[in-house]
Amino acid sequence: FSGTPTLDISGSLAITPATTLDIALTIQDGGDLSGGAITFNNSSAKLVQLGTGDVFNDILLATFATPALDIDGTSSYSGTLSSSTAYQVDVANTKTFTMSSALDISNNLTKVGAGTLEFSDNVLQNANLTVTAGTVTTTSTNAVNHYNYNSGTITGAGTFNVGGIFDCSGVTGTSCTIGTTAVTFSGTPTLDISGSLAITPA
C-alpha cells in the first residue's frame with residue numbers, strides 16, 4: 001500500500017499474500033476484507049474502519065500509530081490480533097466494534113472514544129485494560145470461550161459491562177477488581193469467582 005489507500009468494499013475482498021502496512025489503511029462500505037496477515041510496521045500504520053463490514057485478516061501490531069484501530073463504523077473483527085506492546089482502540093460515539101474471535105490481552109489495551117468495544121468470544125486478560133471513555137462489554141455465555149480475567153487491572157473513566165460470563169477463577173494469590181468509573185450488567189451476566197471479586201464503583 002502507498003499514498004492514501006482506501007478499500008471501498010460492497011461484497012468481499014481477499015488479499016491473499018501476507019502484507020506489511022506502513023501507512024493508514026481506510027476501509028469503507030459494508031463489505032468484508034479477508035486473506036493474508038497484515039503486519040503494522042510503521043508509526044503511521046493504522047486501520048481506519050468507516051464501513052460496516054468484517055475484517056478476517058490476522059493483524060500483527062509491531063510498530064503502529066495511536067490508535068492502532070480507528071473505528072468510525074459499526075463493524076466487527078474476526079481475525080487474530082496480536083501486539084508487541086501496548087496499543088489503543090478508538091470506537092466513535094454511537095458505534096460498536098465487535099471482536100468476534102478470541103483475543104489474548106497480553107499487552108496493555110486502552111479503549112478510547114465514546115463508542116462500544118464488544119468482546120463476543122474468548123478473552124484472556126493478562127495485562128491492563130483501561131476504558132478511558134465509552135463502554136467495553138463482554139457478551140459470550142459459552143462455557144469455554146468467554147471473558148477470562150487472569151491478571152492486570154480493569155480501570156478508567158468509562159464503563160465496563162458484564163453481559164456474559166466474567167471468569168476470574170484463574171486468578172491465584174490475589175483478588176479480581178473491576179475499577180472503572182461505572183460497571184453495568186446486561187444480557188445473562190455470570191460471575192465465576194473462585195477467590196474474591198471487588199466491583200468498586202457504587
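How many bridges join strand E18 to strand E21, and in which sense do the two strands run? The legends below take up this question and others for a predicted model.

**Figure 1. The open sheet of 5 strands, with strands E18 and E21 in the centre of interest.**
Strand E18, residues 123-125, is joined to strand E21, residues 147-149, by 3 bridges, and the two strands run parallel. Within this pair, Gln 125 has Tyr 149 of E21 as its bridge partner. Both strands belong to an open sheet of 5 strands with the order E15-E18-E21-E23-E25, in which the pairing is parallel. The edges of this sheet are strand E15 (103-105) and strand E25, each of which pairs on one side only. From one strand to the next, the twist averages 15°. Strands of a sheet pair through backbone hydrogen bonds, either parallel or antiparallel.

**Figure 2. Leu 191 and the nonpolar surface patch.**
Leu 191 lies in strand E25, which covers residues 190-192, and E25 is one of the edge strands of the sheet shown in the previous view. Together with Phe 185, Ile 193 and Ile 199, Leu 191 makes a nonpolar surface patch of about 310 Å². Leu 191 counts as partly exposed because its relative accessibility is 34%.

**Figure 3. The open sheet of 4 strands.**
Here 4 strands form an open sheet in the order E3-E6-E9-E12, and the pairing is parallel. Strand E3 (19-21) and strand E12 (81-83) are the edge strands, each pairing on one side only. Neighbouring strands of this sheet are turned against each other by 20° on average, with direction ignored. Strands E9 and E12 run parallel and are joined by 3 bridges, and in this pairing Leu 61 stands opposite Ser 83 in E12.

**Figure 4. Strands E1, E4 and E7, with Thr 4 in the segment before E1.**
Strand E4, residues 24-28, pairs with E1 in the parallel sense over 3 bridges, and E4 is also joined to E7 by 4 bridges, again with the strands running parallel. On the side of E1, Asp 8 has Gln 28 in E4 as its bridge partner, while on the side of E7, Ile 27 stands opposite Gln 49. Thr 4 is placed in the segment before strand E1 (6-8), and it counts as exposed because its relative accessibility is 72%. Although Thr 4 and Ile 23 are 19 residues apart in sequence, their C-alpha atoms are 7.8 Å apart in space.

**Figure 5. The salt bridge between Asp 70 and Lys 46.**
A search of the whole structure finds 1 salt bridge. Asp 70 forms a salt bridge with Lys 46, and the closest N and O atoms of the two are 3.4 Å apart. The pair links distant parts of the chain, since Asp 70 belongs to strand E10 (residues 69-71) and Lys 46 to strand E7 (residues 46-49), with their positions 24 residues apart in sequence. Asp 70 is buried, having a relative accessible area of 15%, and Lys 46 likewise counts as buried at 15% relative accessibility.

**Figure 6. Ser 76 and the residues that it touches.**
Ser 76 is found in strand E11, which covers residues 75-77. With a relative accessible area of 18%, Ser 76 is buried, because the limit for a buried residue is under 20%. When residues up to four places away in sequence are not counted, Ser 76 touches Gly 53, Asp 54, Val 55, Phe 97, Thr 98 and Ser 100.

**Figure 7. Backbone details in three loops.**
Most residues other than glycine have a negative phi, and most peptide bonds are trans. The peptide bond from Thr 66 to Pro 67, however, is cis, with omega near 0°, and Pro 67 lies in the loop between strand E9 (59-63) and E10. Asp 29 has a positive phi of about 75° although it is not a glycine. Asp 29 lies in the loop between E4 and strand E5 (32-35), and at 40% relative accessibility it counts as partly exposed. Thr 94, which is also a residue other than glycine, has a positive phi near 70°. The loop that holds Thr 94 runs between strand E13 (87-91) and strand E14 (96-99), and Thr 94 is exposed, with a relative accessible area of 64%.

Notes
Residues are numbered from 1 along each chain as its sequence is written. This is a predicted model: local features need pLDDT of at least 70, side-chain atom pairs count only at pLDDT 80 or more; totals for chains, interfaces and linings use all residues. Side-chain values use heavy atoms; hydrogens and water are left out. Patches are made of residues with over 30% relative accessible area and no salt bridge: like charges are joined within 9 Å, nonpolar side chains (Val, Leu, Ile, Met, Phe, Trp, Tyr) within 5 Å. Accessible areas come from the Shrake-Rupley method with a 1.4 Å probe; for residues, only the protein chains shown count as cover. A salt bridge is a side-chain nitrogen of Lys or Arg within 4 Å of a carboxyl oxygen of Asp or Glu. Buried means under 20% relative accessible area, exposed over 50%, partly exposed in between (1.4 Å probe, protein chains only). Two strands pair if DSSP finds at least two bridges between them. Axes are lines fitted to C-alpha atoms, for helices over the stretch in contact, and angles run from 0 to 180 degrees between N-to-C directions. Contact means heavy atoms within 4.5 Å.
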